[in-house]
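Here is a short briefing on one protein chain. Look at the structure first, then work through the points below.

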Amino acid sequence: MSGFSIDALSRPELAELSAYLPDLHRYRVRLDANEAPPLMSDAAKARIAAVLAEGAWERYPDPSLAALRAAIAQSLGVSPAEVLPGVGSDEVISLLLTAFVRPLPPADQPTVLTTTPSFVMYRMSARCRGLRVLEVPLDASWDLSVNALKSAIQMAPPSIVFIASPNNPTGNLASQDRLEEVIAAAPRSLFVVDEAYIAYSDRDQLDLYRRYENVCILRTLSKVGFAAFRLGFLLARANVVAELDKVRLPYNVPAPTQRVAELAFTELVPEIERITGEVVKERGRVAARLGELKGLQITPSQANFLWLRTERPAMELYEALKERSILVRSFHARGGRLSHQLRVTIGTPAENDELCAALAELT
Ligand SMILES: Cc1ncc(COP(=O)(O)O)c(C=O)c1O
């Protein structure tokens, strides 16, 4: 007996977490991860290949991310000092939770506030750093519950508030007036408005970013056709970005990703607009088809997925779809109203047709 036990060394919070290791490759139709369908043109692929062929792979990537920051900044009309690129928004979320987690009095421990249901990484990333997470349920139309959020803020002022808009998994935007009311109620907290799905939405929150010093915006290339490259970024005041640059690993974003992402914010903008435009059209077609099914109710979507209320238990539909090799997202394990909800990503027209046909049989 060596007396060594890894459990004695692990953070206690890890006992409540599991690794994200889904078995994805077994399924023919994968509508589970909100990626874009494979609509990239041959010309765009050739351009990416040409940039990657320039090589210089023996060198570390640019640690300052200068060219990429400049490209993102120019596309948004801000200064490069307001931009922090990361390895997906996931990395940016983890950097925020590493840097800005001092307890705000009268809170006696660092607290992170978000809504539920929402993107799970806010909670997972916070919990594995030992932070307290308060999750305030969304209201019956999946919008912000202002009073409940304000009570949470009063009880334990959060260091960081994460609000996804459009929200994952519900697909709707947070109402502008409610979001602003919550921001006004927490002037000492850093508000992260996560706009991962903004390319599919009618309205962004750049105006809130301009008006409130404590608001920042999180975006990603993952949902518009570049998930494999892993590039997300934060738009925030220069002093916020400067702090995050201290905790960021020096060579975090690989050079191929930096180069391709630079293209995505410059010459490939029209390509991305075409892809996202096609997905929005397809979203309308799929919503109309699924809307005709008696056993389903659809929340109007501002994202590249649909949030379906199912008369049958979601678990049964999820399992039956898996038997047909179609993978969607179910949250039935969380119970309550989520046991009758499914999230389905908009895929290619053929994939969507398969999903619609299967649901027509199953609902
Ligand atoms: C709301 C939201 N934010 C962030 C992410 C993570 O994106 P990334 O691939 O940039 O890490 C996702 C991915 O599903 C998401 O739904």
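Which residues does Ala314 touch, not counting residues up to four places away in sequence? Ala314 touches Ser330, Leu338, Ser339, His340, Gln341 and Leu342. Keep in mind that this is a predicted model. The briefing moves from Ala314 to the whole chain, then to helices and loops.

**Ala314**

- Ala314 sits in helix H12, which covers residues 314–323.
- Its relative accessibility is 0%. Buried means under 20%, so Ala314 counts as buried.
- Ala314 and Arg274 are 40 residues apart in sequence. In space, their C-alpha atoms are 33 Å apart.

**The whole chain**

- The protein chain has 13 helices and 13 strands.
- Its radius of gyration is 21 Å. A compact globule with 363 residues would have a value near 21 Å, so the chain agrees with that expectation.
- The C-alpha trace spans about 60 × 55 × 55 Å along its principal axes.
- Of the 363 residues, 51% count as buried.
- Take the contacts with a separation of 6 or more: residues 24 or more positions apart account for 76% of them.
- The chain exposes about 16600 Å². Carbon and sulfur atoms supply 55% of that area.
- There are 40 positive and 43 negative charges. The mean positions of the two groups are 2 Å apart.

**Helix H7**

- Helix H7 runs over residues 176–185. Its residues Leu179, Val182 and Ile183 are buried.
- Why do these residues lie on the same side of H7? They cover an arc of only 100 degrees around the axis, which puts them on the same side.
- Asp177 and Ala184 are exposed. They are on the face of H7 turned away from its buried side.
- The buried residues of H7 pack against helices and strands. The helices are H6 (146–155) and H8 (206–211). The strands are E5 (160–164), E6 (190–194) and E7 (215–220).

**Helix H3**

- Helix H3 covers residues 66–76.
- Which residues of H3 are buried? They are Leu68, Arg69, Ala71, Ile72, Ala73 and Leu76.
- The cover over these buried residues includes strand E2 (83–86), E7 and E8. It also includes H8, helix H9 (238–247) and helix H10 (255–264).
- H8 and E7 are thus named in the packing of H7 and in the cover of H3.
- Gly77 comes just after H3. Gly77 takes a positive phi of about 70 degrees.

**Arg283**

- Arg283 lies in helix H11, residues 269–291.
- Is Arg283 buried or exposed? Its relative accessible area is 12%, so Arg283 is buried.
- Leave aside its neighbours within four places in sequence. Arg283 is then in contact with Tyr200, Ser301, Gln302, Ala303, Leu306 and Ile346.
- One of these contacts is Ala303. Arg283 and Ala303 are 20 residues apart in sequence, and their C-alpha atoms are 8.7 Å apart in space.

**Cis peptide bonds between E5 and H7**

- The peptide bond from Ser165 to Pro166 is cis, with omega near 0 degrees. Pro166 is placed in the loop between E5 and H7.
- The peptide bond from Asn168 to Pro169 is cis, with omega near 15 degrees. Pro169 is also in the loop between E5 and H7.

**Positive phi in loops**

- Asn34 has a positive phi of about 60 degrees, although it is not a glycine.
- Where is Asn34? Its place is in the loop between strand E1 (29–30) and helix H2 (42–52).
- Asn34 has 1% relative accessibility, so Asn34 counts as buried.
- Arg230 is not a glycine either, and has a positive phi of about 60 degrees.
- Arg230 is found in the loop between E7 and strand E8 (232–235).
- Arg230 has 30% relative accessibility, so Arg230 counts as partly exposed.

Methods
Residues numbered from 1 in each chain as written. Predicted model: local features only at pLDDT ≥ 70, side-chain atom pairs only at ≥ 80, totals over all residues. Heavy atoms only, no water. Buried < 20%, exposed > 50% of the residue type's maximum accessible area, 1.4 Å probe, protein only. Helix = DSSP H or I, 4+ residues; strand = E, 2+ residues; numbered from the N terminus. Arc of directions from axis to C-beta. Contact = heavy atoms within 4.5 Å. Rg over C-alpha atoms; globule rule 2.2 N^0.38 Å. Areas by Shrake-Rupley, 256 points an atom, 1.4 Å probe, with all protein chains shown as cover. Lys, Arg positive; Asp, Glu negative; His and termini not counted. Charge placed at Lys NZ, Arg CZ, Asp CG, Glu CD.
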